[in-house]
Amino acid sequence: MVTTAQKAPEHSLTITDNRTGKTIVVPIERNSIPATALKKLARKQDAQQGDKLEDEVEGGLRVYDPGFMNTAVVQSRITFIDGEKGILRHRGYPIEQLAEKSSFLETAYLLLYGELPTKSQYTLFSNEVLHHTFVHRDLQEIMGSFRHDAHPMAMLESAFAALGAYAPEANPSLVGQNIYTNARTSEASLQLMDKQIFRLLGKAITVAAMAYRMRMGRQFVKPPAGLSYTESFLYMMDHLNEGSSYRPHPTIVKALDTLFLLHADHEMNASCAAVLQVGSTLVDPYSAIAAGCAALYGPLHGGANEAVVRMLVSIGSVENVPAFIEKVKRKEAVLSGFGHRIYRSTDPRSTIIRKVAEDIFAITGRDPLLDTALALRDAALSDPYFKERRLYPNVDFFSGLIYRALGFPTDYFPILFALPRIAGWLAHWRQMMLSPQGVKIWRPRQVYVGEGERAYVPLKERKERKVERGAEPSVVNHPTSTRVFLARESKL
Ligand SMILES: CC(C)(COP(=O)(O)OP(=O)(O)OC[C@H]1O[C@@H](n2cnc3c(N)ncnc32)[C@H](O)[C@@H]1OP(=O)(O)O)[C@@H](O)C(=O)NCCC(=O)NCCS
């Protein structure tokens, strides 16, 4: 940092704190400034000027950014998105080229290791991943103990947390907190890290298939030999008693593999941030991936494809589309599958998915909901309300229809998003562990706006008072219990 006495460099920001008159010059690197530079804008706490202890003015200025609307938390080499132009690139390769020419597992390699693999590198990687599809027998008992109607994401999330228990040698709490950060210099650590990546990718399809079979009341199936990643997943889901020669339909395999590829990474979204937040404590990667599943499970993240299908079913048919559009414009409904925080023109993935949908419908038959979806898309794209707000179809607009056509239960859709995203999460986790700067625990700041210091009042001296809604525990209904009435009558 330089002072204003010197001429400020071109790539810098000059900030004057009007409370104190102090000026700092903050370097701009790659169009970003270090948030900690603002800590220099500190001053003595001054009650006259309305300072409170809780404002921490002596610790310097803080950046308040709820929802991370403009905070970069990593420097990354993995994925680039330009939301204005509708660009998505992994390691520099446009998503359109990858979707056309690559496979999910090859793209996973690219995300993880930075380059497209050579033939021998790919063989080694895919062999390792598929070698690790088997799970401990006890895990079958864990998965088998869920209710048949448990949400598949609840099962997946639990499965990853449980898987960590079967790899004590990979648990920093047991064998040393630096086992992954040492990978920068230690060959053994690097191997340990990559082995967990192979295991997580391999076992992901097995536990995801187990979650499906629990849902359908079917016996679990052993991972097959000699099939591709996506083929193995479909095999473990669908194989019944056709004998070991059973093979999933190649067009379905190809389509699902493309969908997996399209979902493999999307830079710093909510679930990736959750994986890195948890990973920054140096916990084992199984726990970090379980956290990613939890974040993705939320309806604001991984649930939109499901919402699209429910919306299309509720609209019913093409003639009801205009009325629905009017309802959206009156803000009585949301057009699920439209709009994106980052993409303000087209979402490049939605264009590719539209083509995949046609391949699938050629086999499964055309879903009548597709006509409703197309009419809805066309009506929205030509309506000023959506044009002015720059709302376009996103990745979820057509993916739900494909999953439905393939016969996946609606509550299984988020699994089909989470499964490929594990590759992206692991790529970001690996990048973080290997960071030359080391790993800093993600410990955000807060702006405290609560009470100042006050003295404890003993229970017997506290007066009954009216409180605002939500400022005391709710009285919940226990239909079979008299405890609520007893509690109310005790006048505690
Ligand atoms: C993705 C999403 C959460 C982005 O939200 P955001 O960046 O915060 O966008 P905003 O909420 O600021 O939207 C700006 C305006 O467009 C409207 N809008 C955004 N998405 C809309 C949608 N899908 N249907 C109807 N109106 C929408 C908002 O109501 C707002 O209108 P206003 O200016 O009159 O208040 C939002 O577009 C959405 O809810 N989409 C539907 C869910 C979905 O498909 N999610 C998957 C994303 S991959």
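Buried here means under 20% relative accessible area, exposed means over 50%, and partly exposed lies in between, with a 1.4 Å probe and protein chains only. By that yardstick, Leu259 counts as buried at 0% relative accessibility, and buried residues make up 45% of the 492 residues in the chain. The model is a predicted one, in which local features need pLDDT of at least 70 and side-chain atom pairs count only at pLDDT 80 or more, while totals for chains, interfaces and linings use all residues. Residues are numbered from 1 along each chain as its sequence is written, and side-chain values use heavy atoms, with hydrogens and water left out.

A look at the whole chain sets the scene. The chain has 19 helices and five strands, taken as DSSP runs numbered from the N terminus (H or I, at least four residues, for helices; E, at least two, for strands). Its C-alpha trace spans about 80 × 65 × 55 Å along the principal axes. With contact meaning heavy atoms within 4.5 Å, residues 24 or more positions apart account for 67% of the contacts in the chain with a separation of 6 or more.

The annotated site comes next. In an unreviewed UniProt entry, the annotation "active site" covers His340 and Asp396. These two positions are spread over 57 residues of sequence, yet they cluster in space, with a largest C-alpha distance of 10.4 Å. From this set, His340 is part of the lining of the largest cavity. A cavity is a set of points, on a 1 Å grid over the protein atoms alone, where a 1.4 Å probe fits but cannot get out, and lining residues have an atom within 4 Å of a point. UniProt positions are given in the numbering used here, feature names are shortened, and annotations may be inferred rather than shown by experiment.

The two annotated residues can be taken in turn. His340 sits in the loop between α13 (321-329) and α14 (348-364) and is partly exposed, with a relative accessible area of 23%. Not counting residues up to four places away in sequence, His340 touches His266, Arg349 and Asn394. A polar atom of the His340 side chain lies 3.1 Å from the backbone nitrogen of Tyr343; such a polar contact is a pair of N or O atoms within 3.5 Å, where within protein one must be able to donate a hydrogen and the other to accept it, and residues adjacent in sequence count only if both atoms are side-chain atoms. Asp396 belongs to helix α17 (residues 396-405) and is buried, with a relative accessible area of 7%. Its contacts, again leaving out residues up to four places away in sequence, are with Ala304, Asn305 and Val308.

Asn394, a contact of His340, also appears in the ligand surroundings. There, 16 residues surround the ligand, and the closest are Lys331, Leu335, Gly337, Phe338 and Asn394; a residue is near a molecule if one of its heavy atoms lies within 4 Å of it. A polar side-chain atom of Asn394 lies 2.9 Å from an oxygen atom of the ligand. Two backbone approaches accompany it: a backbone N or O atom of Leu335 lies 2.8 Å from a nitrogen atom of the ligand, and one of Gly337 lies 2.8 Å from an oxygen atom of the ligand.

Helix α14 offers a view of the packing. Its 17 residues reach 25 Å from the first C-alpha to the last, close to the 24 Å expected at 1.5 Å a residue, where the expected span is 1.5 Å times one less than the number of residues. Among the buried residues of α14 are Arg349, Ile353 and Val356. The cover over the buried residues of this helix includes β4 (87-90), α1 (95-101), α9 (250-262), α15 (368-381), α17 and α18 (413-433). Leu259, found in helix α9, touches Ile353, Val356, Ser399, Ile402 and Tyr403, not counting residues up to four places away in sequence. The C-alpha atoms of Leu259 and Ser103 are separated by 9.9 Å, although the residues are 156 apart along the chain. After α14 comes Gly365, whose phi is positive, near 95°.

Positive phi values also turn up in residues other than glycine. Glu56 has a phi near 55°, lies in the loop between β2 (23-27) and β3 (79-82), and counts as partly exposed at 34% relative accessibility. Phe68, with a positive phi of about 45°, is found in the loop between β2 and β3.

Note on methods
On a 1 Å grid over the protein atoms alone, a cavity is a set of points where a 1.4 Å probe fits but cannot get out, and a pocket is an open set with protein on both sides within 12 Å along at least five of seven lines; lining residues have an atom within 4 Å of a point.
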